[in-house]
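Student: Hi! I've got a structure open and would like to talk it through with you. Could we go over it together?
Tutor: Sure, put it up and ask away.
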Amino acid sequence: MSSAGRNLDGVTIRLRFAPAPTGYLHLGSARTALFNWLYARHMGGELILRIEDTNAELASPELIENIYDSLNWLGIDWDGEPVRQSERRDLYNEAVEQLLVSGRAYQDDGAVRFRVPETGVTSWDDVVRGHVTFENEHVEDFVIRRSDGSATFFIANAVDDLDLGITHVVRGEDLVNVTPKVILLRHALGEATTQTFAHLPLIVNEQRKKLSKRRDDVALEDYRARGYLPAAMRNYLALLGWGPPDDIEVRPIDEIVDMFELSDINKAAAAFDVKKLTAVNAEYIRMLDHADLAAKIRPYVDTKSWGASVSDEQLLAVVPLVRERAKILEEAPDIVDFLFLHEPEFDEASFEKALATNEAACPMIDAAVEAYGVVEWTADALHARTLELAQANNLKLGKAQAPIRVAVTGRTVGPPLFESLELLGRAETLRRLGAARAMLADLPS
RNA sequence: GCCCCCAUCGUCUAGCGGCCUAGGACACCGGCCUUUCACGCCGGCAGCACGGGUUCGAAUCCCGUUGGGGGUGCCA
């Protein structure tokens, strides 16, 4: 029989992710969920999803649906049905009554407060932070039941962790100060043991401040919308406060599960670096096969008003051109928009440099128009033919193709020219070359 | 104010007393490749906050200083 998922006493390792439904999943919460999941899976234990909606306004179905949706997107699953605190009021009430009867809590004006001991200390061994101690005299008598009769976070938390048999509490460092309260409650409720706690370092912004909704993009869905891949996000999040011992950062999640240990987590806050996230994302995009990438880019393409719609075949054909260039899905359409726009606009600087002030522009375009009229319409043939034109004009291919590129795409920078021309087609290529040539002829000299 | 905590390149990290003239990644800067860009490859810049200890030996242990953060709700 396997001992996986059990500690030395034979008790199943059980963790919980306990978000408050605020309408979106905060990046910090996503990381907390991920670390809980990684450890649960690493240990072969269980992960409970517990919705902390003791506050009535948080108990709305849409808000809760958002949590499921975000976790699903990230690939974080949980065991059993989600636990809703709003459905467990009786349990909390019993606990409050018990504390009232035992004298560990008292009725204040309106609310019920827990009576924190005046002396002594409450402490625990935190897997991340070491031994943490609070003097009881500095912990205030806190509310466990509001005047409207509802239970607060503290009592719900203590009761549920007890009732659900939670063995490991992995959460953000912003909750360290509530830990003594929860431990005090748990003990007052008659439980002798203390769970294992691991308080994760905060995720901060460039200013080293806690990620805030006002200043920063804190919602997971913000990134999802822009085309960050869930596997990339999850991989990157795992790197915030933890690092693989072998220095290989971008890797399959299974390997991270294998290596993940709570005791390896750092104490210092970690800054969320979009640039690195983006680099990781780009790597994941490059790992996608063409059909998969095409399907993922589709929604972003459909957003564009390019006139005609883009067929699946066209999209698939274009994928090799964007694969190495798009760092996030959202960028993909703009990389190849000139293929689908009827009249791509000229980038002003590109027009000046490669066409208006370029002596080679007219000769090259004229030569291209003539040659492209009869050349075999493949990237290879176009490449070979253009190379000949370049040599005839005493130019390197890079210089020679610049005016053609700008005339056809509008910019000096873009995907490989001949592949692009092949996709664009002979007629449209010649049309654009002709139009650009006419503009140059009209230019005052 | 009062509690609690943190400190390795700009950023994320490796390091857990000798393998460290501190390793990797992102970003940045060069170069190569090349059909522009990108990808890829090669190279470079850059860090143990400071001061005291302990020790034969400290990025690693202890103390202090400085700097930074979190919490102080009948939110969670």
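Student: What is a phosphate oxygen of RNA strand B 3.4 Å from?
Tutor: A polar backbone atom of Phe 153. Bear in mind that this is a predicted model.
Student: Which other polar atoms lie at short range from the strand?
Tutor: Two examples. A polar side-chain atom of Arg 129 is 3.0 Å from a sugar or linking oxygen of RNA strand B. For Asp 109, a backbone N or O atom lies 2.8 Å from a base nitrogen of the strand.
Student: And of the RNA atoms within 4 Å of the protein, what share is sugar or phosphate?
Tutor: Sugar or phosphate accounts for 70% of them, and bases make up the rest.
Student: How many residues surround RNA strand B, and which are the closest?
Tutor: There are 60, and the closest are Arg 146, Arg 208, Gly 241, Glu 324 and Gly 414. By class, that surface has 23 nonpolar, 14 polar and 23 charged residues.
Student: Which element gives the largest share of that surface?
Tutor: H9, with 4 residues. Several elements supply at least two residues each, among them strand E7 (130-135), helix H4 (153-163) and helix H16 (397-409).
Student: New topic: Arg 186. Is it buried or exposed?
Tutor: Arg 186 is buried, because its relative accessible area is 5% and the cut-off for buried is under 20%. Arg 186 sits in helix H5, which runs over residues 179-188.
Student: What does its side chain pair up with?
Tutor: The side chains of Arg 186 and Gln 195 are joined by a polar contact of 3.3 Å. Leaving aside neighbours within four places in sequence, Arg 186 also touches others, including Asp 161, Leu 162, Ile 166 and Glu 191. As for the backbone, the C-alpha atoms of Arg 186 and Val 159 are 7.2 Å apart, with their positions 27 residues apart along the chain.
Student: Zooming out, how is chain A divided into domains?
Tutor: Into four pieces: domain 1 (7-84 + 203-278), domain 2 (88-200), domain 3 (289-338) and domain 4 (348-442). The C-alpha centres of domain 2 and domain 4 are 73 Å apart.
Student: What is the radius of gyration of chain A?
Tutor: Chain A has 31 Å, whereas a compact globule of 445 residues would be near 22 Å. Along its principal axes, the C-alpha trace spans about 95 × 50 × 35 Å.
Student: And how much of chain A is buried?
Tutor: Buried residues are 48% of its 445.

Notes: Residues are numbered from 1 along each chain as its sequence is written. Chains are lettered from A and ligands numbered from 1 in the order in which they are written. This is a predicted model: local features need pLDDT of at least 70, side-chain atom pairs count only at pLDDT 80 or more; totals for chains, interfaces and linings use all residues. Side-chain values use heavy atoms; hydrogens and water are left out. Buried means under 20% relative accessible area, exposed over 50%, partly exposed in between (1.4 Å probe, protein chains only). Contact means heavy atoms within 4.5 Å. A polar contact is a pair of N or O atoms within 3.5 Å; within protein, one must be able to donate a hydrogen and the other to accept it, and residues adjacent in sequence count only if both atoms are side-chain atoms. A residue is near a molecule or strand if one of its heavy atoms lies within 4 Å of it. Ala, Val, Leu, Ile, Met, Phe, Trp, Tyr, Cys and Pro count as nonpolar, Asp, Glu, Lys and Arg as charged, and the others, Gly among them, as polar. Domain bounds come from an automatic or database domain assignment. The radius of gyration is taken over C-alpha atoms; the globule rule is 2.2 Å times the number of residues to the power 0.38.
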